[in-house]
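Open your viewer, switch to the cartoon view and get ready to click. We'll take the tour one selection at a time.

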Amino acid sequence: MPPVGPTPVQPAAGRARVGAIVRAAESADLDALADLLANCFHDRSGWFGWLHPFFRMGIYEDLRIRIRRSPQEYRCWAAIAGPPLPPTAIAAAVPNELVGTVELSARSSMPLGWNGGRYPYIANLAVRPDCRRRGVAKQLLAACETTARDWGFQDIYLHVLDDNHAARRLYERLGYRCIPAIAPPLPWSFGRPQRLFLHKRLA
Ligand SMILES: CC(C)(COP(=O)(O)OP(=O)(O)OC[C@H]1O[C@@H](n2cnc3c(N)ncnc32)[C@H](O)[C@@H]1OP(=O)(O)O)[C@@H](O)C(=O)NCCC(=O)NCCS
């Protein structure tokens with residue numbers, strides 16, 4: 001799912017590193033997950049504000065089905081604010097509040113122009129804006145990578161928009177590299193952010 005516009009690159013100085021507990025998402029988390037994803041990936045300004053409840057409802061329903069069915073090679077994680085023990089706590093979040101999420105699934109449908117077989121795919125990585133730059137996404141991605149290894153994969157994949165500088169910096173730093181596009185961009189996508197397909201070898 002594409003994020004809304006480029007995320008500003010911020011300095012990380014002086015921020016706490018720890019504070020989130022990563023656990024499997026449950027049905028009880030659905031409302032908070034849908035709020036977080038809708039807020040992170042859908043603009044609320046102007047006319048989009050009117051559509052926001054529909055985007056949120058769609059996200060809620062999709063997630064509800066995935067979490068309820070919970071196929072064998074599917075995981076959704078929730079990052080929860082830890083206990084308020086300064087300086088390790090996430091200052092802005094109340095303990096047990098949802099601060100981040102990510103999904104991992106084994107896919108067999110190929111991205112355009114790529115033919116790599118079955119692969120583990122990361123989606124819907126999002127961290128609450130006031131809890132960013134504290135290592136939450138890193139923790140969530142570590143959970144994905146460990147699980148992909150447990151499933152027997154040696155590689156892991158995801159998409160990112162080329163103008164999402166924060167996410168690209170995160171992935172770059174964690175060893176994700178772009179797979180060059182085999183097919184040219186679609187004619188109707190010119191001028192819009194391109195989806196980059198990233199890969200990491202799991203050592
Ligand atoms: C991208 C996103 C998930 C990062 O979450 P986060 O919890 O802030 O990331 P982390 O704190 O784990 O960052 C780890 C490292 O990634 C890099 N990084 C993350 N955000 C960055 C930013 N805004 N600017 C520069 N580097 C950044 C840094 O190297 C950072 O380490 P540092 O803080 O020690 O410098 C978050 O900004 C987000 O939810 N964005 C909106 C949704 C989105 O774009 N999701 C990704 C879709 S592909």
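What pattern does the protein chain follow, read along the sequence? Keep in mind that you're looking at a predicted model. Colour by secondary structure and trace the chain: you should read off β-α-α-β-β-β-α-β-α-β-β. That comes to four helices and seven strands.

**Stop 1: the whole chain**

Stay zoomed out and show the surface. The accessible surface comes to about 11600 Å², and 58% of that belongs to carbon and sulfur atoms. Of the 203 residues in the chain, 41% are buried. Now think about who touches whom: among contacts between residues at least 6 apart in sequence, 71% join residues at least 24 apart.

**Stop 2: the sheet**

Hide everything but the strands. What is the order of the seven strands in the open sheet? Going across, you get S1-S2-S3-S4-S5-S7-S6, with mixed pairing. Find strand S1 (20-24) and strand S6 (177-178): they stand at the edges with a single partner strand each, so one side of each has no neighbour in the sheet.

Next, select strand S3 (residues 98-107) and strand S4 (residues 119-127). These two run antiparallel, and seven bridges join them. For a spot to zoom in on, pick Ala106, which stands opposite Pro120 in S4.

**Stop 3: helices on the sheet**

Bring back helix H3, which packs on the sheet and touches S1, strand S2 (74-81), S3, S4, strand S5 (155-161) and strand S7 (195-201). Its direction makes about 160° with that of S4. Now add helix H4 (residues 165-173): this helix packs on the sheet too, touching S4, S5, S6 and S7. The direction of H4 makes about 160° with that of S5.

While you're here, click on Thr147 in helix H3 (residues 136-150). Is Thr147 buried or exposed? Its relative accessibility is 10%, so Thr147 counts as buried. Leaving aside neighbours within four places in sequence, Thr147 is in contact with Arg75, Trp77 and Leu104.

**Stop 4: aromatic rings**

Show the side chains of Phe, Tyr and Trp. How many aromatic pairs are there? The count comes to five. Select Tyr119 and Tyr157 to see one of them: this pair is edge-to-face, 5.4 Å centre to centre, with 80° between the planes. Tyr119 is in strand S4 and Tyr157 in strand S5, so the pair links parts of the chain that are 38 residues apart. Both Tyr119 and Tyr157 are buried.

Keep Tyr119 on screen and add Phe197. Here is another edge-to-face pair, 6.2 Å centre to centre, again with 80° between the planes. Since Phe197 lies in strand S7 and Tyr119 in S4, this pair ties together parts 78 residues apart in sequence. Tyr119 has a relative accessible area of 2%, so it is buried, and Phe197 counts as buried at 7%. Add Tyr121 and you have the whole group: Tyr119, Tyr121, Tyr157 and Phe197 form one aromatic cluster.

**Stop 5: cysteines**

Last selection. A disulfide is a covalent bond between the sulfur atoms of two cysteines. How many disulfides does the count come to? The answer is zero. Click on Cys40 and you'll find it buried, with a relative accessible area of 15%. Cys178, in contrast, is partly exposed, with a relative accessible area of 46%.

Notes:
Residues numbered from 1 in each chain as written. Predicted model: local features only at pLDDT ≥ 70, side-chain atom pairs only at ≥ 80, totals over all residues. Heavy atoms only, no water. Buried < 20%, exposed > 50% of the residue type's maximum accessible area, 1.4 Å probe, protein only. Contact = heavy atoms within 4.5 Å. Areas by Shrake-Rupley, 256 points an atom, 1.4 Å probe, with all protein chains shown as cover. Disulfide = S-S within 2.5 Å. Pairing = 2+ DSSP bridges. Axes fitted to C-alpha atoms, helices over the stretch in contact; angles between N-to-C directions. Phe/Tyr/Trp six-rings, centres within 6.5 Å; stacked < 30°, edge-to-face > 60°.
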